Amino acid sequence: MSTLSDLDAAILEFESHAPRGQGRKEEAIRARLKISPVRYHQRLNVLVDVPAAAQAYPTLIARLRRVRDKREDTRRAARNNGEPER
């Protein structure tokens with residue numbers, strides 16, 4: 001994907017200024033983007049790996065990647081009972 005769709009750009013712009021409270025954010029997603037919060041998060045997760053998104057929103061994408069990587073590390077540690085992978 002070399003360019004972002006209008007919806008993808010709107011999602012990234014929204015995420016860069018999104019309200020912090022979970023309920024408030026979900027309401028804002030529905031009101032502003034006209035999609036469900038589940039669909040929003042699914043698309044946002046895909047956009048983290050889209051080069052055009054990283055080019056248009058480098059700071060946001062870097063932050064989202066750090067959050068995703070930290071969550072993956074936490075899940076991996078929980079699966080291994082806290083022991084590092086070999």
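Here is a walk through this predicted model, starting at helix H1 and working outwards from there.

Let's begin with H1, which spans residues 6-16. Its buried residues are Asp 8, Ile 11, Leu 12, Phe 14 and Glu 15. Around the helix axis they cover an arc of only 160 degrees, so they sit on the same side of H1. And what lies over that side? The cover includes helix H2 (22-33), helix H3 (37-47), helix H4 (51-56) and helix H5 (58-79).

Some of those H1 residues turn up again in the largest nonpolar core, a set of 19 residues. Ile 11, Leu 12 and Phe 14 are among the residues with the most contacts inside this core, along with Leu 33 and Tyr 40. The core draws on H1, H2, H3, H4 and H5, each of which supplies at least two residues.

Tyr 40 is a good place to zoom in. Setting aside neighbours within four places in sequence, Tyr 40 is in contact with Ile 11, Phe 14 and Glu 15, and also with Lys 25, Ile 29, Leu 33 and Ile 35.

That list brings us back to Glu 15, a residue of helix H1. Is this glutamate buried or exposed? Glu 15 has a relative accessibility of 6%, and the cut-off for buried is under 20%, so it counts as buried. Its side chain has a polar partner, though: there is a polar contact of 2.8 Å with the side chain of Lys 25. Not counting residues up to four places away in sequence, Glu 15 touches Lys 25, Tyr 40, Leu 44, Leu 60, Arg 63 and Leu 64.

Several of those partners belong to H5, including Leu 60, Arg 63 and Leu 64. How do the two helices pack? The axes of H1 and H5 are 10 Å apart, at an angle of about 75 degrees. That angle makes H1 roughly perpendicular to H5. Where they meet, H1 brings Leu 12, Glu 15 and Ser 16, while H5 brings Leu 60, Ile 61, Arg 63 and Leu 64.

One last stop is the loop between H2 and H3, where you'll find Lys 34. Most residues other than glycine have a negative phi. Lys 34 is not a glycine, yet its phi is positive, at about 60 degrees. And is Lys 34 buried or exposed? With a relative accessibility of 66%, Lys 34 counts as exposed, whereas Glu 15 counts as buried.

Methods: Residues numbered from 1 in each chain as written. Predicted model: local features only at pLDDT ≥ 70, side-chain atom pairs only at ≥ 80, totals over all residues. Heavy atoms only, no water. Buried < 20%, exposed > 50% of the residue type's maximum accessible area, 1.4 Å probe, protein only. Helix = DSSP H or I, 4+ residues; strand = E, 2+ residues; numbered from the N terminus. Arc of directions from axis to C-beta. Contact = heavy atoms within 4.5 Å. Core = buried A, V, L, I, M, F, W, Y, C linked by side-chain atoms within 4.5 Å. Polar contact = N/O pair within 3.5 Å; in protein donor to acceptor, adjacent residues only side chain to side chain. Axes fitted to C-alpha atoms, helices over the stretch in contact; angles between N-to-C directions. Parallel < 35°, antiparallel > 145°, perpendicular 65-115°, else oblique.
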